[in-house]
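Hi everyone, thanks for making time this morning. I would like to walk you through a structure that may be new to you, one stop at a time. Please keep the sequence and the picture open while I talk.

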Amino acid sequence: MTVPIPNRLFKRFSMKRQVQRQTYDGSDVGLPEIETFGWTSTSRATDLGLKPHRHTNAYEICLITGGSVQWWVGHEIYQLGRGDIYITHPNEPHGGIDEVMHPCALYWLILPVTPTNRSLPGLTHKQTSELFGQLEGMSRRTFKCSSDLTYYFKQMHSELQKPSTFQPVYLRATLHHLLIQLLRDHDVSQTSHDTSHRTPSIRKAMQWIANHLDDDATVEEIAMIAGLGVSRFHERFVAEVGLTPADYRTHLRIRRGQHLLGHTNQTITRISFDLGFSTSQYFATVFKKIVGMTPGAYRQSRSTDHLKT
């Protein structure tokens, strides 16, 4: 069971760790059909309990509203960005790459499976069975969400901060809207021919950046490669990727650095320069912000893991 963080503790925690986190237990807000609803925003890689775990007989539904995350489920790894929905099914092992939360903002909802002989409050037995049947039958665990689904997540969060006599009524109605819209968005994703939901110009820019990690090209130069004006390119890139072009390049550089640290004997200084960083000290600072540990500590942790296997 998740315990809400007192406001006083919440403020001190966010100032110290550059993390904002709000968690609400369903039974405490008159919504016992959910286990937890939460919101998190962090500007640097942080340990927020993303070690391997599972939710007993419950779905976890997440919406990424900013930044990017690297999560795994079973043997699959997912790179998620702004506007992505991510769902884990009951009892599935999952967690964060390197067991940390990368810089991002997101909502999450833990929804226990309702016993077959019961109904969700406000829904009939048939509607409840249909709802969980469609959740169980989802063919995609990640897909782009609609503006309507984003709205319902935001409304849940907003209402949870305004206790009132009618709060449970509003929350339950919003929850129903959210779950139904989730199913509809999944259906839309099934018929989408562009599974990446990214335009050709943005995909071209992303590919160019990935192939030229040591190149400090300006946003004007990358916009020209994408065939768009600078303002339009920057706006579309942030909307579709969830990061600015510069931040996206930095994240790719750090992910490449993780691979080199774990699989080669190159020095940290050599890796820094090869990835386009001006100094190894700057590389270490950025690496720690995103990964949550220094390059040296990361390399040591990978060596320890190899010894264990």
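**A first tour of the chain**

Let's begin with the overall make-up: the chain has 11 helices and eight strands. Please keep in mind that this is a predicted model. The chain has 309 residues, and 47% of them count as buried. Now think about contacts between residues with a separation of 6 or more: 67% of those come from residues 24 or more positions apart.

**The cavity**

Our next stop is the inside. How many cavities of 30 Å³ or more does the structure hold? There is one. The space in this largest cavity is about 50 Å³. As for the elements, β3 (58-73) and α8 each give two or more residues to the lining of the largest cavity. Helix α8 provides the largest share of that lining, with four residues.

Let me name the lining residues, in case you want to click on them. Among them are Ser68, Val69 and Gln70, together with Gln79 and His102. The list goes on with His251, Ile254, Arg255, Gln258 and Ile290. What kinds of residue make up this lining? Three are nonpolar, six are polar and one is charged.

Let's stay with one of these residues, histidine 251. You will find histidine 251 in helix α8, which covers residues 245-263. Is histidine 251 buried or exposed? Histidine 251 is buried, and its relative accessible area is 11%. Which residues does histidine 251 contact, once neighbours within four places in sequence are left aside? The answer is Ser68, Leu243 and Ile290. Two names there should sound familiar: Ser68 and Ile290 also belong to the lining of the largest cavity.

**Two cysteines and a missing bond**

Now for a little puzzle about sulfur. A disulfide is a covalent bond between the sulfur atoms of two cysteines. How many disulfides does the structure have? The count is zero. Why is there no bond at cysteine 62? The closest cysteine sulfur belongs to cysteine 104 and is 9.5 Å from the sulfur of cysteine 62, so the two are too far apart for a bond. The cut-off used here is 2.5 Å between sulfur atoms. Turn the question around and start from cysteine 104: its closest cysteine sulfur is in cysteine 62, at 9.5 Å, and that is again too far for a bond.

Both cysteines are tucked away from the surface by our accessibility values. Cysteine 62 is buried at a relative accessible area of 2%, and cysteine 104 is buried at 4%.

**A histidine in a loop**

Let's move on to histidine 212. Where does histidine 212 lie? Look in the loop between α5 (200-211) and α6 (219-226). Histidine 212 is partly exposed, with a relative accessible area of 28%. Its side chain reaches the backbone oxygen of tryptophan 208 at 2.8 Å. Along the sequence, histidine 212 and leucine 275 are 63 residues apart, yet in space their C-alpha atoms are 9.2 Å apart.

**An aspartate in a helix**

Next comes aspartate 274, which lies in helix α9 (residues 268-274). Aspartate 274 is partly exposed, at a relative accessible area of 36%. Which side chain does aspartate 274 join in a polar contact of 2.8 Å? The partner is the side chain of arginine 270. Setting aside residues up to four places away in sequence, aspartate 274 touches Asp214 and Gln266. You can also look across to glycine 257: it is 17 residues from aspartate 274 along the chain, and 9.4 Å separates their C-alpha atoms.

**Two asparagines with positive phi**

My last stop is about backbone angles. Asparagine 57 is not a glycine, and its phi is positive, near 55°. Asparagine 57 sits in the loop between β2 (36-42) and β3, and is partly exposed at 40% relative accessibility.

Asparagine 91 is not a glycine either, and its positive phi is about 70°. Where is asparagine 91 placed? It is in the loop between β5 (84-88) and β6 (94-96). With a relative accessible area of 37%, asparagine 91 is partly exposed.

That is the end of the tour. Thank you for listening, and please point at anything you would like to go back to.

Notes
Residues numbered from 1 in each chain as written. Predicted model: local features only at pLDDT ≥ 70, side-chain atom pairs only at ≥ 80, totals over all residues. Heavy atoms only, no water. Buried < 20%, exposed > 50% of the residue type's maximum accessible area, 1.4 Å probe, protein only. Contact = heavy atoms within 4.5 Å. 1 Å grid on protein atoms, 1.4 Å probe; cavity = no way out; pocket = protein on both sides within 12 Å on 5 of 7 lines; lining within 4 Å. Points joined across faces, edges and corners; volume = space filled by probe spheres on them. Nonpolar A, V, L, I, M, F, W, Y, C, P; charged D, E, K, R; others polar. Polar contact = N/O pair within 3.5 Å; in protein donor to acceptor, adjacent residues only side chain to side chain.
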